[in-house]
Amino acid sequence: SLNSFLAFLSVCESVLWLLKAQCLSACRRRKLHRVQHGQCSYTFILPEMESCQGGADQMSGTNVVQRDSPPADAEWSNQKLQHLESAMENNTQWLQKLENYIHQKTGMVHFQADAVHNQTATMLEIGTNLLTQTAEQTRKLNVVEAKVMNQTSRIAVQLLENSLSTNKLEKELLTQISEISKLQDKNSHLESKVLVLESKQRTELEDMRDEKERLQDLVKRQTAAIMALERQLRAASSNNSALQRQHQQLMKSVHTLIGMVSSGTGFSSNEQHFRDCAEAYKSGHNTSGVYHIYIRDMTEPTKVFCDMVTSGGGWTVFQRRANGNVNFQKGWKDYKLGFGDLSEEHWLGNEAVHLITSQAQYSLRVELKDWEENGAYALYDKFQLAGEKQQYRLLLGSYSGTAGQQSSLASNGTGFSTRDADNDKCVCKCALMMTGGWWFDACGLSNLNGIYYTVGHNIRKLNGIKCLIINPADQFWSQTG
């Protein structure tokens, strides 16, 4: 180290001064001096001379002639002193050079020590910064460690919960597996049954195919027979038409004969035969009441009520509502044959109306009257009912009258419906909803055969007598009762 080196230099100076003293006392023997300083040991070897004289001559560097006798003491002392002085000068010069070198080295050492001190301060500052950063990083790591520990604890709890859920799921899975095994057993049993049933079905299917072939052969034979019957029926129909024409001619002849007999035997005019009320009116009967008419193709007379007053008279009445004494909630057969009292409420019958309107061209008049005797009418210039096979379809001509600007009756071609025969154009059964029998179409705007409600009891009743009247101001109102 630097301090050790400086101590060594001071020791060297002390040694040099000591050499001077030792050289004066000992010249003949070789000197060896060792200096111990701290842990360092320094050894100095002194020059060895044969004798102080010889040594003096050799050190002076001059050739001395050996004398035969030793020199005197004074001369020897002078030589020795000169020799020591020259040696001292040489040593002094050497020490000066060494001291200069030591001073240079000491400056360099001080410079290096300053540099080392600066570097040490810089390193200390860097170390301090590093310690600060390390402490901050340690604090952050502690926070992160705490967070990690919390997260780890939460994860551990979740893992525990998941393990519990997994155990439950495993138990459920085992239960499901057992159920599946049971179902597989049942399925295998059912498959065996299905195989048995399939074999039976195949046998039955084959039998059915054979039966189908037999039925097809039978259908072919029946079709041929039906075609033959149709041909026979056509021939019979042609014969029947001829018979009908003959029957009509015979009926005309019978009517003629009856008229001739009546006129020849003096029968009264009330016993004359009329085919409708119009003929009776033309024959001079102008009193409204019940008359007998002879409808075409009918051998027995039919009783009808004739209106001989309204609009010129001669009207054959087939429906009348006055007081509600007759129940109009009837079935198809009743409306076909007719019911009620001819002098009061009644329905003449769809079959009779069909036969009457098939004789000639007729018109239809509907008379309406409320409880205050306010009346209105609807007139159709053409009126006809089709036969029962055509569901007694209604056929009407042009409309006129005081009951509004248009008709509230069903359109042409609408079939007649009752509670036991649904022929309307609605998915529901209008005859059950609206009651009675009528040409409902799609539960239309009129039903003159509904329930007869008295005054005050007809409010908000959909199943009563109803006829929509549209006034000139296009306002709708319902005449009920």
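Guide: A residue counts as buried under 20% relative accessible area, as exposed over 50%, and as partly exposed in between, with a 1.4 Å probe and protein chains only. This is a predicted model, where local features need pLDDT of at least 70, side-chain atom pairs count only at pLDDT 80 or more, and totals for chains, interfaces and linings use all residues. Residues are numbered from 1 along each chain as its sequence is written, and side-chain values use heavy atoms, leaving out hydrogens and water.

Visitor: How many residues of strand β4 are buried?

Guide: Strands (E, at least two residues) are DSSP runs, numbered from the N terminus. Strand β4 covers residues 302-307 and is mostly covered. Of its six residues, the number buried is five.

Visitor: Which residue stands opposite I293?

Guide: Two strands pair if DSSP finds at least two bridges between them. Strand β3 (residues 289-293) runs antiparallel to β4, joined by five bridges. Opposite I293, in β4, stands T302.

Visitor: What is the bridge partner of D307 in β5?

Guide: β4 also pairs with strand β5 (residues 315-317), in the antiparallel sense and over three bridges. The partner of D307 in β5 is W315.

Visitor: Which are the edge strands of the open sheet β6-β8-β7?

Guide: Three strands form this sheet in the order β6-β8-β7, with antiparallel pairing. An edge strand here pairs on one side only. The edge strands are β6 (319-320) and β7 (339-340).

Visitor: Which residue in β8 does F339 stand opposite?

Guide: β7 and strand β8 (residues 346-347) are antiparallel and share two bridges. Opposite F339 in β8 is W347.

Key. Helices (H or I, at least four residues) and strands (E, at least two) are DSSP runs, numbered from the N terminus.
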